[in-house]
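Visitor: Please take me through the nonpolar packing in this model, with a close look at the aromatic rings. Keep it brisk.

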Amino acid sequence: MSRLGEVLDELGIQVEPDLFALAFVHRSYAYENGRAPNNERLEFLGDSVLGLVVTTQLYRQFPDLPEGRLAKLRAAVVNARTLAVVARDLGLGPLLKLGKGELATGGAEKDSILSDTVEALIAAVYVSSGFDAAGRLVHFLFDPLIADAAQAGAGLDWKTSLQEACSTRELGLPTYDIEVQGPDHDRRFTAWAVVEEKRFGPGRGSSKKRAEQEAARVAFVGLFGAAAAADA
């Protein structure tokens, strides 16, 4: 059973087979197959469902935060990059139906396509089983991301938070050591944040930016503690 199947079973969610299949039909595949239906309408609906569930959770979870901070938290959680991370964790890439051109250019790993597919899947759950079921799925997938974003400090960016904290404490600007492995089409980055000759990490990711962000998070917590991270 796929990771997605395990999650749906764990949450007790049923999805109509036709809607489930449609959620993975990219427009490139539909165009090459007689302009068959694709997942764009589901994506449109899922975007609204996801936004409402996440916004409601932020409103309830952080009653003292002003609107501007809530908006930043939502933007940190609901964006193409984070949705693509969710899609990869669920193993959605291999389930996609893509046109030949998208297949040739690695469409199953593109953040934009993966993020749209997550929204289409949420809509398929919503139409099949209602708002409560869609909400359970969204909370399961995104509540951990909300918790992480809430700790990220200034600008919801660990590198910014670390730099500002180090500057305030006159520790000097952090630097980053980077290692790159893998072929050009599948690069893997490992980063260490360096503050006053101390290395923190490693942070790993499919891009240099992600690896540095994770290393910065480790450094922030290591230098200033979890409580400081939560208050940043």
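Guide: Contact here means heavy atoms within 4.5 Å. The model is predicted. Start with L137. By that contact rule, L137 touches V7, L11, I13, I122 and V125, leaving aside residues up to four places away in sequence.

L137 belongs to the largest nonpolar core, which has 45 residues. I13, V54, L90, V118, I122, L137 and F142 touch the most other members. Several helices supply this core. Those giving two or more residues are α1 (3–11), α4 (40–61), α5 (67–77), α6 (80–90), α8 (111–129) and α9 (131–150).

There is also a second, separate core of 16 residues. Its members include W158, Y176, V195 and F220.

Now the rings. A pair of aromatic rings is described by the distance of the centres and the angle of the planes. The count comes to four aromatic pairs. One of them joins F220 and F224: the ring centres are 5.2 Å apart and the planes stand at 70°, so the pair is edge-to-face. Edge-to-face requires planes over 60 degrees apart. Both residues lie in helix α11 (residues 208–231). They are four residues apart, about one turn of the helix.

Are these two rings buried or exposed? F220 is buried, at 5% relative accessible area. F224 also counts as buried, at 16% relative accessibility; the cut-off is under 20%. Ring pairs link W158, F220 and F224 into a cluster.

Charged side chains also meet rings. K159 lies over the face of Y176, 4.9 Å from the ring centre. R199 lies over the face of W192, at 4.5 Å from the ring centre.

How values were computed
Residues numbered from 1 in each chain as written. Predicted model: local features only at pLDDT ≥ 70, side-chain atom pairs only at ≥ 80, totals over all residues. Heavy atoms only, no water. Core = buried A, V, L, I, M, F, W, Y, C linked by side-chain atoms within 4.5 Å. Buried < 20%, exposed > 50% of the residue type's maximum accessible area, 1.4 Å probe, protein only. Phe/Tyr/Trp six-rings, centres within 6.5 Å; stacked < 30°, edge-to-face > 60°. Lys NZ or Arg CZ within 6 Å of the ring centre and 35° of its normal.
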